[in-house]
Amino acid sequence: MKNYKFIISGKVQGVYYRANINKNALESGYSGYVKNKTDGTVEAAVSCEESQIKDFITILKNGSPYSNVTNIKQLECSETFSGDFEIR
């Protein structure tokens, strides 16, 4: 299992982006969180198998019908996430 954080840029605040990420991540069984940052980006974090990371990135790219993701920065992190995926 690996742990990742993502910084998502674009039109991702005020467009139901976090709600859609949360819904889709929960349905797919991911553990982690999604939250707004003060600079207008969104931070997401997940613990998953390396083989699952592409599917999670697809969830981030798809966002919501009103969002427009322009960039996703992926970082490995040491924090482990367990339990349900949540909005922070």
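The legends below describe several views of a predicted model.

**Figure 1. The whole chain, with two helices and five strands.** Read along the sequence, these elements come in the order β-α-β-β-α-β-β. The chain is as compact as a globular protein of its length, because its radius of gyration is 12 Å, close to the 12 Å that the globule rule gives for 88 residues. Along its principal axes, the C-alpha trace spans about 30 × 25 × 20 Å.

**Figure 2. Contacts and burial within the chain.** Of the contacts in the chain with a separation of 6 or more, 81% join residues 24 or more positions apart. Buried residues account for 39% of the 88 residues.

**Figure 3. Surface and charges of the chain.** The accessible surface amounts to about 5100 Å². Carbon and sulfur atoms contribute 43% of this surface. The chain carries 11 positive and 10 negative charges, and the mean positions of the two sets lie 7 Å apart.

**Figure 4. Close-up of Ser 67, in the loop between α2 and β4.** Helix α2 covers residues 53–62 and strand β4 covers residues 68–76. Ser 67 has a relative accessible area of 16%, so it counts as buried, the limit being under 20%. The side chain of Ser 67 reaches the backbone nitrogen of Ser 64 at a distance of 2.9 Å.

**Figure 5. Close-up of the residues in contact with Ser 67.** Neighbours within four places in sequence are left aside here. Beyond them, Ser 67 is in contact with Lys 11, Val 15, Tyr 17 and Asn 62.

**Figure 6. Close-up of Lys 61, in helix α2.** The relative accessible area of Lys 61 is 55%, so this residue counts as exposed, the limit being over 50%. Not counting residues up to four places away in sequence, Lys 61 touches Val 69 and Ile 72.

**Figure 7. Close-up of Lys 61 and Ile 8.** In sequence, Lys 61 and Ile 8 are 53 residues apart. In space, the distance between the two is 8.7 Å, taken from C-alpha to C-alpha.

**Figure 8. Ser 67 and Lys 61 in one view.** Ser 67 is buried, whereas Lys 61 is exposed. Ser 67 belongs to the loop between α2 and β4, and Lys 61 belongs to helix α2 itself. Among the contacts of Ser 67 is Asn 62, while those of Lys 61 include Val 69.

Terms used
Residues are numbered from 1 along each chain as its sequence is written. This is a predicted model: local features need pLDDT of at least 70, side-chain atom pairs count only at pLDDT 80 or more; totals for chains, interfaces and linings use all residues. Side-chain values use heavy atoms; hydrogens and water are left out. Helices (H or I, at least four residues) and strands (E, at least two) are DSSP runs, numbered from the N terminus. Buried means under 20% relative accessible area, exposed over 50%, partly exposed in between (1.4 Å probe, protein chains only). A polar contact is a pair of N or O atoms within 3.5 Å; within protein, one must be able to donate a hydrogen and the other to accept it, and residues adjacent in sequence count only if both atoms are side-chain atoms. Contact means heavy atoms within 4.5 Å. The radius of gyration is taken over C-alpha atoms; the globule rule is 2.2 Å times the number of residues to the power 0.38. Accessible areas come from the Shrake-Rupley method with a 1.4 Å probe; for residues, only the protein chains shown count as cover. Lys and Arg count as positive and Asp and Glu as negative; His and the chain ends are not counted. The place of a charge is taken as NZ of Lys, CZ of Arg, CG of Asp or CD of Glu.
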